[in-house]
Amino acid sequence: MIEEARTFLWLNARTLEQRWFEHAFDGGSADAVVRAVLAYRNDDGGYGHGLEPDHRGPTSQPLHALRALQMFGQAGAPEQAESILAWLTDTCPDGSVPFGFSTSKDHPKAPWVAADDQGGLLITSQIAAALHELGVSDPWLDKATDYCWREIEELEQTHPYELRGAAMFLDAVPDRARAELVAEKLRHLTPSTEGYAEGEGLDPHEFAQKPSSVASRWFTPEEIEKDLDALQNGQQADGGWNFGFPAFTPVVNFEWRSIATLDSLLTLRRYGRIS
């Protein structure tokens, strides 16, 4: 399984994902991962240039900042969050992050990537989760955390990606007792998939990204095991995994497949399916 994935990534992945794989599975350098991410950094401290495949163009955008923070988490490099926190303080001073800024209006992006400067839970929750995972402290993160608590505790209608973001936040936030209580409320929500492509959605392991996740109790053990079986059997003949949404331009097919391949391997490892 891992050998086939390695071949797929050497044939198809960007330098970033190749370095990520080397670090995660072959004892490669964490610094190499960091250097690969820093190639996407802008002078304003944010990130652009297609670091997140669905948002092309050079401008600093929240989706790129999220991907950068997640990579720094993989590399154990919390010090690299400093420039992103400064950028977030300047661009999102109230602690609420939009899906995209209107500065991207002249550059290509997937049709589902909004660029309206309107803050929301979807990205704020994931950025706050990534920062908490890194163990950083910052006044901006305090604001974002307060915002996420308010939005999640008042949540009555949601969609799968927003619910996943909420689960990620609850898994990472330091107040564990509060997180457990809120997670119990969220398990009763039925996310709407209105507007999604046919067959698009999220599987149990994408909410419960590790066995200790608060979202693991949203599913029965049998549902989790069945889902992991499907994930394990999802490796394609070329060694890679597919992703569950449309590719809006040809190049992102292999970019997202490379990310999906690493995510799949890491999930299977967290659940003890591979060593």
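Okay, quick definition before I start: when I say helix, I mean a DSSP run of H or I with at least four residues, a strand is a run of E with at least two, and both are numbered from the N terminus. And keep in mind that this is a predicted model.

So, the overall picture. We've got 12 helices and two strands in this protein. Walking along the sequence, the order is α-α-α-α-α-β-β-α-α-α-α-α-α-α. The C-alpha trace spans about 45 × 45 × 35 Å along the principal axes. How does the radius of gyration sit with a compact globule? For 275 residues you'd expect a value near 19 Å, and the protein has 18 Å, so the two agree.

Some bulk numbers. Buried residues make up 54% of the 275. If you take the contacts with a separation of 6 or more, 65% of them are between residues 24 or more positions apart. The accessible surface is about 12600 Å², and carbon and sulfur atoms account for 48% of that.

Let's look at one helix, α5, residues 81-91. Which of its residues are buried? That would be Ala81, Ser83, Ile84, Leu85, Trp87 and Leu88. Remember that an α-helix has 3.6 residues a turn, so residues three or four places apart point the same way. As for what covers those buried α5 residues, the cover includes helices α4 (62-75), α6 (121-134) and α7 (139-153), along with strand β1 (97-98).

Next up, the loops. I'd like to point you to two residues with positive phi. One is His49, with a phi of about 65 degrees, and it's not a glycine. You'll find His49 in the loop between α3 and α4. The other is Asp117, again a non-glycine residue with a positive phi, near 65 degrees. Asp117 is in the loop between β1 and β2, the latter being residues 119-120. Are they buried or exposed? His49 has a relative accessible area of 42%, so it counts as partly exposed. Asp117 has 40%, which puts it in the partly exposed class.

Now for a couple of residues in helices. Leu38 lies in α3, residues 30-38. At 30% relative accessible area, Leu38 is partly exposed. What does Leu38 touch, leaving aside neighbours within four places in sequence? Its contacts are Tyr47, Phe72 and Gln80. If you want a ruler across the model, the C-alpha atoms of Leu38 and Ala183 are 35 Å apart, with those positions 145 residues apart along the chain.

Then there's Glu162, in helix α8, residues 160-172. Is this glutamate buried or exposed? The cut-off for buried is under 20%. Glu162 has a relative accessibility of 14%, so it counts as buried. Apart from neighbours within four places in sequence, Glu162 is in contact with Leu121, Leu122, Leu155 and Gln157. Another ruler for you: from the C-alpha of Glu162 to that of Ala237, 75 residues along the chain, is 32 Å.

Last stop is the second largest pocket, with a volume of about 180 Å³. What kind of residues line it, by class? Nine are nonpolar, two are charged, and none are polar. The lining includes Leu163, Leu186, Leu189, Pro191 and Leu202. Pro204, Phe207, Trp218 and Phe219 are in the lining too, and so are Arg187 and Asp203.

That's it from me.

Terms used:
Residues are numbered from 1 along each chain as its sequence is written. This is a predicted model: local features need pLDDT of at least 70, side-chain atom pairs count only at pLDDT 80 or more; totals for chains, interfaces and linings use all residues. Side-chain values use heavy atoms; hydrogens and water are left out. On a 1 Å grid over the protein atoms alone, a cavity is a set of points where a 1.4 Å probe fits but cannot get out, and a pocket is an open set with protein on both sides within 12 Å along at least five of seven lines; lining residues have an atom within 4 Å of a point. Grid points are joined across faces, edges and corners, and a volume is the space filled by probe spheres set on the points. Ala, Val, Leu, Ile, Met, Phe, Trp, Tyr, Cys and Pro count as nonpolar, Asp, Glu, Lys and Arg as charged, and the others, Gly among them, as polar. The radius of gyration is taken over C-alpha atoms; the globule rule is 2.2 Å times the number of residues to the power 0.38. Buried means under 20% relative accessible area, exposed over 50%, partly exposed in between (1.4 Å probe, protein chains only). Contact means heavy atoms within 4.5 Å. Accessible areas come from the Shrake-Rupley method with a 1.4 Å probe; for residues, only the protein chains shown count as cover.
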